[in-house]
Structures are given as C-alpha cells and as structure tokens.
Amino acid sequence: MYYEKDADKEGYLKFSKRTPSGRRSRIVMPHFHNSCEMYVCVKGKYYVYINGERHILNEGEIAFVDRLTPHAAGSVINDTPSEVYFIIASSFYLNGIKWLEDRTLPSFTEKREGFDKIANIVRLATECEDEMNEDMRRGYITLLFGMLKNYCGTTPRVASKNNELIVEVMSYINEHITEEITLDGLARHFGYEKTYFSRVFNKFLGINLREYLNRYRIGETIRMRQEDPTAPILKIAEACGFDSPNTYYRALKKYGEEKHNF
C-alpha cells in the first residue's frame, strides 16, 4: 500500500477479526503510518513482516508495529483456519500514554502465561466496537496498552537510520508514482550506492522495487476504476505509471486480486 493515510486520521481506531484459510497465500502490500498496529494470533498462523524482520505468528503470539515502521502482513499457506485479531490506534489515542514517548513494545512476543486475558480483551473490543463511545475508546486503549506493557515488556525506543530511509523512499514513490522510477534513480536521489540501496529496500519491504511498483500501481488502477467505472482502463493504467498495455496486463494477471483479498 505505501503511506496509509486513513490510519492517521484524528480519532482513528480500528478493530477487526481475520479468519483466513485455504492453500493460497495472501500478503498485504508493505506500508507505514504514524499509528500503532498489532496482531494477536488466537488460532492457526499468520505472516507478519516488520522493519525487515519476517515472522510467522503461531497461536498465542503477538506482533506489534510501532509508529512510522514499514510492515506487511497476510495469511500463510495453511490447511487450518486462523483466527487473528487486528488493532490499529492513531496518535490521537496514544499521546496520553507517557511511557510510549521513550519506550515501545517488542515487535514479536511468544506465548506465555496471561495470553488468554489479552485475547479476551481484543475479542471483546471487536465484538463491541459499534457500541463504544469516546470515553470507552480512550479507556480501552489505556487498559490494553497497560496490559501489553506488563505482558510483553518494553524496550527503549531507538531511531533507525534505515527505517527512516525506507519511510522517505515510500513517501517519495507515493508522490512520483506516475513517473518513471528506477533503482538507479532512487539510489542516486537519496545519495546511496545502488547495491546497498537495493539490499536495504529488499530487506525492509520483503520484495524488490519492481514488484513493489507493479503491486502498488495495480492497486491504484483498481482504486481509480472503482471511483470512476466509466474511465478507460488503459488511460488509468497510464496515469498510474504503466508504460505500456503489455506491462499493465502482465501485472494485472499477477497481482490483480490482491486488493479484493484485504
């Protein structure tokens, strides 16, 4: 996806339950935002990629995504249906939690005693989301992060040069997606040697630049077509940066279903 603007709207708080199953692997595009995000795996397995580290969540494990951290997630090839709870909270709700100013939660926490309490509270929020008023929402986030602090422990908040670079690169791509974007051009623009830049990009996003651009652009064509079903599709493809119909159709065949799966 890239920069997820909706997640940074004031008062944004989202709860959802995901129950992927089947033999097909589905992965969300790498993206970032200024909100915190977490996944609580109650059953089965779930793929999470955070800041260059790949992990498959097993039953009883938790993944936490700090603010402005590139990440991706999705189901894994698995015959057993999974049950994963997803929460995203904007800075509007987090600014009152003082310890988050200089500390954060670990990216991954293995199952330990007390997991059922965490699972129950995230399950309750998902079931009652429509009934929660503003006081309840604020109180819930305070309670949840207090429980997570005790359950997961905390680590010092440390700035990462490569993390900051990837956020800047993704923002740049977001602003220039209609233009020709190459590995050489990006490396030169950000002042890095091409091989090093490519290695950092692939590590933090889990895919190479060409795949990232094709998936991004296909997602944009689908979004624009939904907004204006009468617009000629090849005009949309050109506006999203595809340099030829063949390039567009190849990417559509490979990545076209992803936006419908999440």
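**Helix crossing and sheet arrangement**

The crossing of helices α4 and α7 is right-handed in this predicted model. Helix α4 spans residues 161-175 and helix α7 spans residues 209-227; their axes come within 12 Å and cross at roughly 45°. Because an angle that is neither under 35 degrees, nor over 145, nor from 65 to 115 counts as oblique, α4 is described as oblique to α7. On the α4 side, the contact is made by Met-170, Ile-173 and Asn-174. Helix α7 contributes Leu-209, Tyr-212, Leu-213 and Tyr-216 to this contact. Classified by residue type, the contact of α4 with α7 has 6 nonpolar residues and 1 polar residue, with no charged residues.

The model also contains an open sheet of 5 strands, with antiparallel pairing and the order β2-β10-β5-β8-β12. The edges are occupied by β2 (13-18) and β12 (108-109); each has a single partner strand, so one side of each is left without a neighbour in the sheet. Within the sheet, strand β5 (residues 36-43) pairs with strand β10 (residues 83-89) in the antiparallel sense, over 7 bridges. Met-38 stands opposite Ile-87 in β10.

A further helix is associated with these strands. Helix α2, formed by residues 115-128, lies across β2, β5, β8 (62-65) and β10. Relative to β5, helix α2 runs at about 110°.

Key. Residues are numbered from 1 along each chain as its sequence is written. This is a predicted model: local features need pLDDT of at least 70, side-chain atom pairs count only at pLDDT 80 or more; totals for chains, interfaces and linings use all residues. Side-chain values use heavy atoms; hydrogens and water are left out. Axes are lines fitted to C-alpha atoms, for helices over the stretch in contact, and angles run from 0 to 180 degrees between N-to-C directions. Helices (H or I, at least four residues) and strands (E, at least two) are DSSP runs, numbered from the N terminus. A crossing is left-handed if the near helix is turned anticlockwise from the far one by less than a right angle, and right-handed if clockwise. Contact means heavy atoms within 4.5 Å. Ala, Val, Leu, Ile, Met, Phe, Trp, Tyr, Cys and Pro count as nonpolar, Asp, Glu, Lys and Arg as charged, and the others, Gly among them, as polar. Two strands pair if DSSP finds at least two bridges between them.
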